[in-house]
Amino acid sequence: MSDLPVARPRIVCLCGSLRFGTEFAAERTRLTLDLAIVLAPEATEAPGLAPSLVRALGELHLRRIDLADEVRIVNPGGYVGEATRREIAYATTLGKPVTYVHEPS
């Protein structure tokens, strides 16, 4: 164990379409190596999920945003879908900084 004090790391919540799994993994790795705590959704889009579970998972992701210091949008090609736009609006109402991997189109 180190005797050196460690500053509180920044907490970053990743948002974006889960179809960009490779890009999510790359950004998670980059931020982790930058000594950030990374919160991100898990790929749970299995066929046959109950609508109530889908809604609950969406709410769970908003709680990740609540915990975050920054919201980082994973958006290859500048793509930002409807669900991600809602998450950006939510983060903005909380005063959370929103940054993008790529400039939005």
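Me: Quick one to start: is cysteine 15 buried or exposed?
Reply: Cysteine 15 counts as buried, because its relative accessibility is 0%. Bear in mind that this is a predicted model.

Me: Thanks! And what about cysteine 13, buried or exposed?
Reply: Cysteine 13 is buried as well, with a relative accessible area of 0%.

Me: How many disulfides does a search of the whole structure find?
Reply: The count is zero for the whole structure. Cysteine 13 takes part in no disulfide, and the nearest cysteine sulfur to it belongs to cysteine 15, 4.2 Å away.

Me: Why is there no bond from the sulfur of cysteine 15 to the closest one, in cysteine 13?
Reply: At 4.2 Å, the two sulfurs are too far from each other for a bond. The cut-off used here is that a disulfide needs the sulfur atoms within 2.5 Å.

Me: Okay, let's zoom out. How many helices and strands are in the protein chain?
Reply: The protein chain has three helices and four strands. Going along the sequence, they come in the pattern β-α-β-α-β-α-β.

Me: What does the C-alpha trace span along its principal axes?
Reply: About 50 × 30 × 30 Å for the protein chain.

Me: And what share of the residues counts as buried?
Reply: For the protein chain, 34% of its 105 residues count as buried. The chain exposes about 6,800 Å², and 61% of that comes from carbon and sulfur atoms.

Me: What about contacts between residues at least 6 apart in sequence: what share joins residues at least 24 apart?
Reply: That share is 77% in the protein chain.

Me: How far apart are the mean positions of the positive and negative charges?
Reply: They are 4 Å apart, taken over 12 positive and 13 negative charges in the protein chain.

Me: Switching to rings: how many aromatic pairs does the structure hold?
Reply: It holds one aromatic pair. The partners are phenylalanine 20 and tyrosine 79, with ring centres 6.1 Å apart and planes at 70°, so the pair is edge-to-face.

Me: Where in the chain do phenylalanine 20 and tyrosine 79 sit?
Reply: Both are in loops, in distant parts of the chain and 59 residues apart. Phenylalanine 20 lies between strand S1 (11-15) and helix H1 (21-33), while tyrosine 79 lies between strand S3 (70-73) and helix H3 (82-93).

Me: Is phenylalanine 20 buried or exposed?
Reply: Phenylalanine 20 counts as buried, at 14% relative accessibility. Its partner tyrosine 79 is partly exposed, with a relative accessible area of 35%.

Me: I'd like to check the backbone too. What is phi of leucine 35?
Reply: Phi of leucine 35 is near 65°, which is a positive value in a residue other than glycine.

Me: Where does leucine 35 lie?
Reply: Leucine 35 is in the loop between H1 and strand S2 (37-39). With a relative accessible area of 68%, leucine 35 is exposed.

Me: Last topic: where is alanine 91, and which residues does it touch?
Reply: Alanine 91 has its place in helix H3. Leaving aside residues up to four places away in sequence, alanine 91 touches Ile65, Val71, Lys96 and Val98. Alanine 91 is also buried, at a relative accessible area of 0%.

Me: And how far apart are alanine 91 and leucine 62 in space?
Reply: From C-alpha to C-alpha, alanine 91 and leucine 62 are 8.4 Å apart, with their positions 29 residues apart in sequence number.

Key
Residues are numbered from 1 along each chain as its sequence is written. This is a predicted model: local features need pLDDT of at least 70, side-chain atom pairs count only at pLDDT 80 or more; totals for chains, interfaces and linings use all residues. Side-chain values use heavy atoms; hydrogens and water are left out. Helices (H or I, at least four residues) and strands (E, at least two) are DSSP runs, numbered from the N terminus. Buried means under 20% relative accessible area, exposed over 50%, partly exposed in between (1.4 Å probe, protein chains only). Contact means heavy atoms within 4.5 Å. Accessible areas come from the Shrake-Rupley method with a 1.4 Å probe; for residues, only the protein chains shown count as cover. Lys and Arg count as positive and Asp and Glu as negative; His and the chain ends are not counted. The place of a charge is taken as NZ of Lys, CZ of Arg, CG of Asp or CD of Glu. Rings of Phe, Tyr and Trp (its six-membered ring) pair if their centres lie within 6.5 Å; planes under 30 degrees apart count as stacked, over 60 as edge-to-face and the rest as tilted.
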